[in-house]
Amino acid sequence: MKKSFSIGATTLGLALLLASGAGAADLPKATQKAMAKLKIDASLLKGLDEELKVPQAWIDGAKKEEEVVILGTWDDRQFRALSAPFAERYPSIKLRYSRAGTSARGMKVLIALREGRVLADVTTSIADATFQFAKQKALADLRELPGYKNLPAEYVDPDGTWASFKLSYRCMGYNTSKVKESELPKTWDDLPTNPAFRSGRLALSNHPNAWLLNLWGAKGEAWGKDFTKKLFEGLQPQKRKEGMSAVTALTVAGEFDANIPAPEWRAQKFAVKGAPIGYHCPAPVPITLSQIVMLEKSPHKNGARIFINWMLSREGQIVQYAETFAVPVHKSLQLRQFLPFPDTMLGKKVSVRDDAMLGGELQKHMLDTWNSYWVGSGAK
């Protein structure tokens, strides 16, 4: 399949799709706009009707419930744009969305449940609160959703309590005016001995769970301790207090030559504007999964089911990518055209971190080692 098509060809493809009934019978205008923006083949929507075929009882029940309360990480503009096709398809379901921090999506929701209050129907990216949600049996089983089977087995929880709605890459951002491609490390083992990134030319943000935990999980604790020691002692990196996105912006500004971890979507936004930013993934490539869940005590379960099912559909995944560069999780969309920096990602082994790794012994040992260098003089 070709990577992209001209706008004219895409528009023609959409027209043929609608005329032939190969995809959704009534494709929302917002979806057509997203497809044209991405210049992608409309055949990618083939099978969408089946993915969106939910029980009529859910539709009828959602009309009575009227709304779905969602807590997430999208900003308000992004959510309005990515949910526009949903609003066209399901005009009777009102999505009441709030952008919320990690605590508000996780522990505050759990505390409210213990007090008999339900703050949300759907929440995303619950991270290290996952174990507490499971212990409290607070999450509904999503395996009844038609869209659940759209995802690879490694992108969902075996018991159905969460599904991934996007993939995140956490590799290295670098300033293309300061770093040559030939200087980039091929593997993570190559990084600590790389002279191009010594003496503060590499910046780290305090987010080891986003990338280093993956590597500890893939390569083992002994490797992880040795690598962490070499990283700090060999390169003497800058230890930055800013968040991942802000540190990536400082790489663009030239404050340092490179940073880890760099969100791929943030680097892509700078790159499309012509900023001097490159993106590089040493092998294995660290990937994190972002979850979407429904509360078992949700008062709006029918609408919540329909929304999550739509998010896991081809349409939901494509529109989300069009607005946020979030890499799709749908089996049929694991394609080069949905990777912001495909040349540095494809053909390499990956190291996937789902949130089941958070809160375990391996994470504790990783953080103990990391923090000994971040706040102290190193492991003893």
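Is Phe341 buried or exposed? Phe341 is buried, with a relative accessible area of 14%. That value comes from a predicted model. This briefing covers a disulfide, aromatic ring pairs and two pockets. The structure holds 1 disulfide. The aromatic pairs number 18. The largest pocket has a volume of about 1100 Å³.

**The disulfide**

- Cys171 and Cys281 form the disulfide, with their sulfur atoms 2.0 Å apart.
- The pair links distant parts of the chain, 110 residues apart.
- Cys171 sits in strand S4 (residues 163-175). Cys281 sits in the loop between strand S8 (277-280) and strand S9 (285-294).
- The link of Cys171 and Cys281 is right-handed, with 95° about the S-S bond.
- Both Cys171 and Cys281 are buried.

**Aromatic pairs: Phe79 and Tyr97**

- A pair of aromatic rings is described by the distance of the centres and the angle of the planes.
- The count comes to 18 aromatic pairs. Among them is the pair of Phe79 and Tyr97, with ring centres 4.1 Å apart.
- The planes of Phe79 and Tyr97 stand at 10°, so this pair is stacked. The cut-off for stacked is under 30 degrees.
- Phe79 lies in helix H5 (residues 76-82) and Tyr97 in strand S2 (residues 94-99), so the pair ties together parts that are 18 residues apart in sequence.
- Phe79 is buried, at a relative accessible area of 5%. Tyr97 is buried too, at 14%. Buried means under 20%.

**Aromatic pairs: Tyr279 and Phe341**

- The rings of Tyr279 and Phe341 have their centres 5.1 Å apart. Their planes are at 20°, so this pair is also stacked.
- Tyr279 belongs to strand S8, while Phe341 is in the loop between helix H15 (314-324) and strand S10 (350-353). The pair therefore ties together parts that are 62 residues apart in sequence.
- Tyr279 counts as buried, at 5% relative accessibility. Phe341 is buried at 14%.

**A cluster of rings**

- Ring pairs link Trp74, Phe79, Phe86, Tyr90, Tyr97, Phe165, Phe307 and Trp310 into a cluster.
- The stacked pair of Phe79 and Tyr97 has both its residues in this cluster.

**The largest pocket**

- This pocket has a volume of about 1100 Å³.
- It is lined by 41 residues. The closest to its centre are Thr73, Arg105, Ser125, Arg170 and Met244.
- Several elements each supply at least two lining residues, including helix H7 (102-105), helix H12 (244-253), helix H13 (264-272) and helix H16 (361-374).
- Strand S4 gives the most to this lining, with 4 residues. S4 also holds Cys171 of the disulfide.
- The lining divides into 16 nonpolar, 15 polar and 10 charged residues.

**The second largest pocket**

- The second largest pocket has a volume of about 440 Å³.
- Its lining holds 20 residues. Leu38, Gln268, Val272, Tyr321 and Phe325 lie nearest its centre.
- Helix H2 (29-38), H13 and H15 each supply at least two lining residues.
- H13 gives the most to this lining, with 5 residues.
- The lining divides into 10 nonpolar, 3 polar and 7 charged residues.
- H13 and H15 each supply at least two residues to the lining of the largest pocket, and each does so for the second largest pocket.

Methods
Residues are numbered from 1 along each chain as its sequence is written. This is a predicted model: local features need pLDDT of at least 70, side-chain atom pairs count only at pLDDT 80 or more; totals for chains, interfaces and linings use all residues. Side-chain values use heavy atoms; hydrogens and water are left out. A disulfide is a pair of cysteine sulfur atoms within 2.5 Å. Buried means under 20% relative accessible area, exposed over 50%, partly exposed in between (1.4 Å probe, protein chains only). Rings of Phe, Tyr and Trp (its six-membered ring) pair if their centres lie within 6.5 Å; planes under 30 degrees apart count as stacked, over 60 as edge-to-face and the rest as tilted. On a 1 Å grid over the protein atoms alone, a cavity is a set of points where a 1.4 Å probe fits but cannot get out, and a pocket is an open set with protein on both sides within 12 Å along at least five of seven lines; lining residues have an atom within 4 Å of a point. Grid points are joined across faces, edges and corners, and a volume is the space filled by probe spheres set on the points. Ala, Val, Leu, Ile, Met, Phe, Trp, Tyr, Cys and Pro count as nonpolar, Asp, Glu, Lys and Arg as charged, and the others, Gly among them, as polar.
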